[in-house]
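Let us walk through this model in two steps, beginning with a pocket and its lining and then turning to the ligand and its surroundings.

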Amino acid sequence: MRRPVDTQTRLYGIIGHPVRHSLSPAMHNAAFLAAGENAVYLAFDVTDPAAALAGARALGIGGLSVTIPHKEAVLPLLDEVDPPARRIGAVNTVIHRDGRLLGANTDAAGAVRALEEAIPLAGRRVVVLGAGGAARAVAVGAAERGASVHVANRTPERARAVAALCGGTFSGLSEMPGEADVLVNTTPVGMAPAAGETPVPADRLPGFRVVMDIVYAPVETRLLREAAAAGCRVVNGLRMLLYQAAAQFELWTGRPAPAAAMEAALYRGLGEEG
Ligand code: ATR
C-alpha cells in the first residue's frame, strides 16, 4: 500500500554504491506511510557524491541517507556538519533545511539505543572490534554515554586513532581484554558469504555479558550463535540498522519515528531479499 504521489510530495533517498540491496527504502517508506507524511524514499546508485549533492540542492530533495563508500567523502561538500559527525569523521544523514545541507551521524545513536535495550552503558566497559567508520561511531557513542572503551583491531595503529577519539585504550585483536560488560564487532568478519568465520574464538566469549554484531547478513552470525551458547545476551545488527534509520526520520521530520512499522518493514524487506 502506498500513498498517491502529488505536487506536494517530498523526496528523500539513499546514496551509495552498491545500493540496490539496501533495506533503508523499505524502512523509510513504511515510516512515512505510518506517520502520514507526504514523502517518498528512493535508492540512488551514486558514484559521484558531489554531483548527487548538487542535484539534491537543485531539486530540493528533503534529505539523504549516505552509505558505503561515501560517508567520509560527503563531509567537505556540506554547508554544516554537526560536532559528533565531525568527530566520527563520517556522515550517514544529510538534512536539507532552508537551502542548506546539514550533515549528521545517526550510527552512534543507533548503536547506543540497540545496546541499551540490553544494558545501560554508563560506567560499563565496552570492547570494540575494528577501527573503521562504524567502530568510530560505536566508540564515540558508547563513550558519550559514560562507558569506558577499549578498541581492538587487526592493525593496532588504527585502533590507537579510534581510542584517542573516545579517551579509550587500544590493542591488537589477540591482546584484547578477556573480560568486559560489552563486546561489539564492527568488522565484516562473519558476513555472508564468509558466514563460517568469527572475529573471536568461542572460548573467549564467556568473559562478556552482552555481545553485539553490526553484521546483519546473516542475522545470526557465528559470533552471536556462539555468544548465546556461552550465556551472553546477544544484540543482532538489525537493531542498530533500525535505530539509525529511526533517528534519521526524527531529524528529517521533527517527529517521533514509528519504530514498530519500520521494524516490520525491515523484516519484510529482509524476507524479500533472502
Ligand atoms: P567501515 O568504515 O565500514 O567500518 P572499514 O574502514 O573498511 O569499514 O573498516 C573495517 C574494519 O574491519 C577495519 O578495522 C579492519 O581492520 P584493519 O584496520 O586492520 O584493516 C577490520 N577487518 C576487515 N577485515 C578483517 C579481517 N578479516 N580480520 C580482522 N579485521 C578485519
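In this predicted model, the lining of the second largest pocket is made up of 15 nonpolar, six polar and seven charged residues. The space that this lining encloses comes to about 660 Å³. There are 28 lining residues, and those closest to the centre of the second largest pocket are Arg2, Pro25, Ala26, Asn29 and Ala30. Three elements each give two or more residues to the lining, namely helix H1 (24-35), strand S2 (39-45) and helix H9 (259-273). Among the contributions to the lining, that of H1 is the largest share, at seven residues.

We now turn to the ligand. Its shell consists of 13 residues, of which Ala131, Gly133, Asn153, Thr155 and Arg158 are the closest. By residue class, the shell around the ligand holds five nonpolar, six polar and two charged residues.

Which atoms of Gly133, Ala134 and Thr155 lie beside oxygen atoms of the ligand? For Gly133, a backbone N or O atom is found 2.7 Å from an oxygen atom of the ligand, and for Ala134 a polar backbone atom stands 3.1 Å from a ligand oxygen atom. Thr155, by contrast with these backbone cases, offers an N or O atom of its side chain, which is 2.4 Å from an oxygen atom of the ligand. As for the surface of the ligand, the 650 Å² that it exposes when taken alone is 68% buried by the protein.

Key
Residues numbered from 1 in each chain as written. Predicted model: local features only at pLDDT ≥ 70, side-chain atom pairs only at ≥ 80, totals over all residues. Heavy atoms only, no water. Near = heavy atom within 4 Å. Polar contact = N/O pair within 3.5 Å; in protein donor to acceptor, adjacent residues only side chain to side chain. Areas by Shrake-Rupley, 256 points an atom, 1.4 Å probe, with all protein chains shown as cover. Nonpolar A, V, L, I, M, F, W, Y, C, P; charged D, E, K, R; others polar. 1 Å grid on protein atoms, 1.4 Å probe; cavity = no way out; pocket = protein on both sides within 12 Å on 5 of 7 lines; lining within 4 Å. Points joined across faces, edges and corners; volume = space filled by probe spheres on them. Helix = DSSP H or I, 4+ residues; strand = E, 2+ residues; numbered from the N terminus.
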